[in-house]
Amino acid sequence: MSGHSTYVPRTALGKWFEARLPVVRLLHDTAVSYPTPRNLNALWTFGGILAMMLVVQIVTGIVLAMHYAADSRIAFQSVESIMRDVNWGWLIRYLHANGASMFFIAVYIHIFRGLYYGSYKPPREILWILGVIIYLLMMAAAFMGYVLPWGQMSFWGATVITNFFTALPIVGQPIQTLLIGGFSVDNATLNRFFSLHYLLPFLIAGVVVLHVWALHVVGQNNPLGIDVKSEKDTVPFTPYATSKDVMWIVLFMIFYGWFVFYQPNFLGHPDNYIEANPLSTPAHIVPEWYFLPFYAILRAIDFNIGPIDSKLGGVLAMFGAIAVLAFLPWLDTSKVRSGRFRPIFKVAFWLFGVNALFLGYLGSVKTDDILFHVPGLDYQAVVWAKLSTFYYFAYFLVILPVLGYIEKPKPLPVSINDAILAKSAPSSAH
Amino acid sequence: MAESDTPAEPTRRDFLLHAAGAFGVVGVAAAAWPFIDQMNPDASTRALASVEVDISGVQPGQAITVMWRGKPVVIRNRTEKEVEEGKAVKLEELKDPLARNANADASADASDANRAAAGKENILVMTKVCTHLGCIPLDESGEFGGWFCPCHGSVYDTSGRIRSGPAPENLPIPPYAFLTDTKIRIG
Ligand code: HEM
Ligand code: FES
């Protein structure tokens, strides 16, 4: 794609085809001869893992759709019959339900990889923003998918989340009615969510193509965060990256398989095996685990901020927590990409990671729970959520912009090749 | 095609281009509307506009819940104590100062009298959907003896007014009328 094509059609048919539609050349340049930095570590295999998971979700989803009935009177029973009656239905549903969780585990690792190695910095801004869009679409797809089995968590999750829109003044209520197609979540909601749940993964596939295209224009980042300078810094995608990707895909599949076969309901919520009941809200509603950090941020804002009431404030903070990612290329002012060479950034980054996990935990407990029964730390969970939310935003809006000016990075190696040679020849290093 | 200089006057081609463009924009907007509006509640949902309820069996301290437009509406026959508690609250203490009663003026204050049924201060008819994010609050619970929402902890008093927690407004009162002394039509 970027003018390095080495593809030479060998057969007569290959030549004939090449002159009419050079798609084989495109694939060859993308997945065979494409030069990758020679120092990539295992974290760079998660792009391939994500692509595989998208295919898994689409294949299992299309099969589920053959047996599922999007009608609020029978949706719950149809999922139960997939589990009990359909040949291998239990396997396909568990692959799909746990596949969504695996998809998110992989995307979070993929995102944190980018955060640490500065993969969002020039010239990869568009690549990064396309990634944020994929992440948003994934969240929408997973949310609507979770509504389909029409259990208690499906129903109340859909109610609470579509009610986010009512926080907007004036237009909020009409938007919510338009989204759910009624005065409360009902059959109309279920039907449109099914239609959109089927559509979104294909939109994701489309954005993935753009994401990979952008990647192949600017090239991959690498653990050192320095630019590829010569051919010596790279190896061809096949066999080097391909074999590494395949190995990590297999390891990931073992992890995924463990959940599917041994703990298929561990990541779900038992209340979703109770059919939706519009008259009774479960005592403690929680979203799926991958939304918990954002749920904690939503609940942390229980105070009015000037003219913005607590409800709108919570919703804005929650969406803002995702939107801020799109501005990251311009918020981080440091010229150095990789966190390896940034001593203060490193600390802030790991704190951010721990803080994100802590937010996830906070999203899973009740707001008035006491987390630490230690004098002086025995605050309600909502107090911790406020502190954590503060750090989440401070990382993006204060720490990263300021660090670029005050931090003194360690010296960068001259090239990827030099750095590797220095490492593999310890005699010359001392 | 002898002339090589562009004429200063708008040409016929410019006119056609702009006219077609303008028609195109209006046409696309008009064609988009049905595709957006089809998502709004359909005729059968809108038709569920009213229900009639017999409340003769509801003793003081009891309540019934009926569905109206897919939402639960509670009809509570309040005890004297509940009514007194509702009346005793000063308006300044309320988070939401408005009655939120579809049968009263939009600017009516949230006094207990403006929330209870006209002429029947013991009867409270109210949509039992939390004004925060739409969960169903539990009856006879919370520190004000009214309703408590388990989702994010909003507390409503015996008149259904928001007293603490993230919910911004009092529980809304739907349009309703007494057909007879013991029969109510909601909607
Ligand atoms: C981005 C990819 C996808 C994600 C993240 C995703 C996520 C989900 C989730 C979380 C559920 C609920 C699982 C449960 O608890 O039962 C679900 C259900 C479902 N999905 Fe997907 N899905 C994806 C792609 C698809 C596709 C492409 C189709 C159809 C062509 C599909 C069809 C279904 C059906 C029919 C159900 C209901 C059956 C069930 O609940 O097991 N999904 N999806
Ligand atoms: S929905 Fe009732 S407190 Fe949030």
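## Buried cysteines in chain B

A residue counts as buried when its relative accessible area is under 20%. With that cut-off in hand, we can look at the cysteines of chain B in this predicted model. B:C149 has a relative accessible area of 1%, so B:C149 is buried. B:C130, at 4% relative accessibility, falls under the cut-off as well and is therefore buried.

Two further cysteines belong in this picture. B:C135 is buried at 1% relative accessibility, and B:C151 is buried at 6%.

## The disulfide

How many disulfides are there over all chains? The count comes to 1. The bond joins B:C135 to B:C151, with the two sulfur atoms 2.0 Å apart. Because the torsion about this S-S bond is about -90°, the disulfide is left-handed.

It helps to see where the two partners sit. B:C135 lies in the loop between β4 (123-127) and β5 (147-148) of chain B, while B:C151 lies in the loop between β5 and β6 (155-156), so the bond ties together parts that are 16 residues apart in sequence. As a reminder, a disulfide is a covalent bond between the sulfur atoms of two cysteines.

## The annotated Rieske domain

An unreviewed UniProt entry gives the annotation "domain: Rieske" to residues 86-185 of chain B. In the model, the end C-alpha atoms of residues 86-185 of chain B lie 25 Å apart. By secondary structure, the span is 7% helix and 18% strand.

## Two histidines in chain A

Now to chain A. Which residues carry the feature "binding site" in the unreviewed UniProt entry? They are A:H96 and A:H197. The annotated positions are spread over 102 residues of sequence, yet they cluster in space, with a largest C-alpha distance of 12.8 Å. Both A:H96 and A:H197 take part in the lining of the largest cavity.

A:H96 is found in helix α5 (residues 89-117) of chain A, and A:H197 lies in helix α9 (residues 187-218) of chain A. Are these side chains buried or exposed? A:H96 has a relative accessible area of 16% and is buried; A:H197 is also buried, with a value of 16%.

The two histidines touch each other. Leaving aside neighbours within four places in sequence, A:H96 is also in contact with A:Q57, A:T60, A:G61 and A:L64. On the other side of the pair, and again not counting residues up to four places away in sequence, the contacts of A:H197 include A:A141, A:M144, A:G145 and A:L148. One of these neighbours also makes a polar approach: the backbone oxygen of A:A141 lies 2.8 Å from a polar atom of the A:H197 side chain.

## The largest cavity

The model holds 4 cavities of 30 Å³ or more. The largest cavity has a volume of about 820 Å³ and is lined by 41 residues. Which of these lie nearest its centre? They are A:H96, A:A97, A:G145, A:Y146 and A:H197, so the two annotated histidines are among them.

Several helices of chain A build the wall. α3 (46-67), α4 (75-84), α5, α6 (125-147) and α9 each supply at least two residues of the lining. The largest share, 9 residues, comes from α5(A).

## A:N98, on the same helix

Helix α5 of chain A also holds A:N98. A:N98 is buried, at 2% relative accessibility. Beyond residues up to four places away in sequence, A:N98 touches A:Y256, A:F259, A:V260, A:Q263, A:P264 and A:L267. With A:P264 there is a polar link too, as the side chain of A:N98 reaches the backbone oxygen of A:P264 at 3.2 Å.

For a sense of spacing, A:N98 and A:I62 are 36 residues apart in sequence and 16 Å apart in space, C-alpha to C-alpha.

## A pocket lined by both chains

The second largest pocket has a volume of about 1,200 Å³. Its lining takes in 43 residues, and those nearest its centre are A:T166, A:Q173, B:K71, B:E169 and B:P172.

Which elements supply at least two residues each to the lining of this pocket? From chain A they are α7 (152-163), α8 (172-180) and α12 (310-326), together with β3 (71-77) of chain B. The largest share, 5 residues, comes from α7(A).

Technical notes. Residues numbered from 1 in each chain as written. Chains lettered and ligands numbered in written order. Predicted model: local features only at pLDDT ≥ 70, side-chain atom pairs only at ≥ 80, totals over all residues. Heavy atoms only, no water. Disulfide = S-S within 2.5 Å. Helix = DSSP H or I, 4+ residues; strand = E, 2+ residues; numbered from the N terminus. Buried < 20%, exposed > 50% of the residue type's maximum accessible area, 1.4 Å probe, protein only. UniProt positions renumbered as here; feature names shortened; annotations may be inferred. 1 Å grid on protein atoms, 1.4 Å probe; cavity = no way out; pocket = protein on both sides within 12 Å on 5 of 7 lines; lining within 4 Å. Contact = heavy atoms within 4.5 Å. Polar contact = N/O pair within 3.5 Å; in protein donor to acceptor, adjacent residues only side chain to side chain. Points joined across faces, edges and corners; volume = space filled by probe spheres on them.
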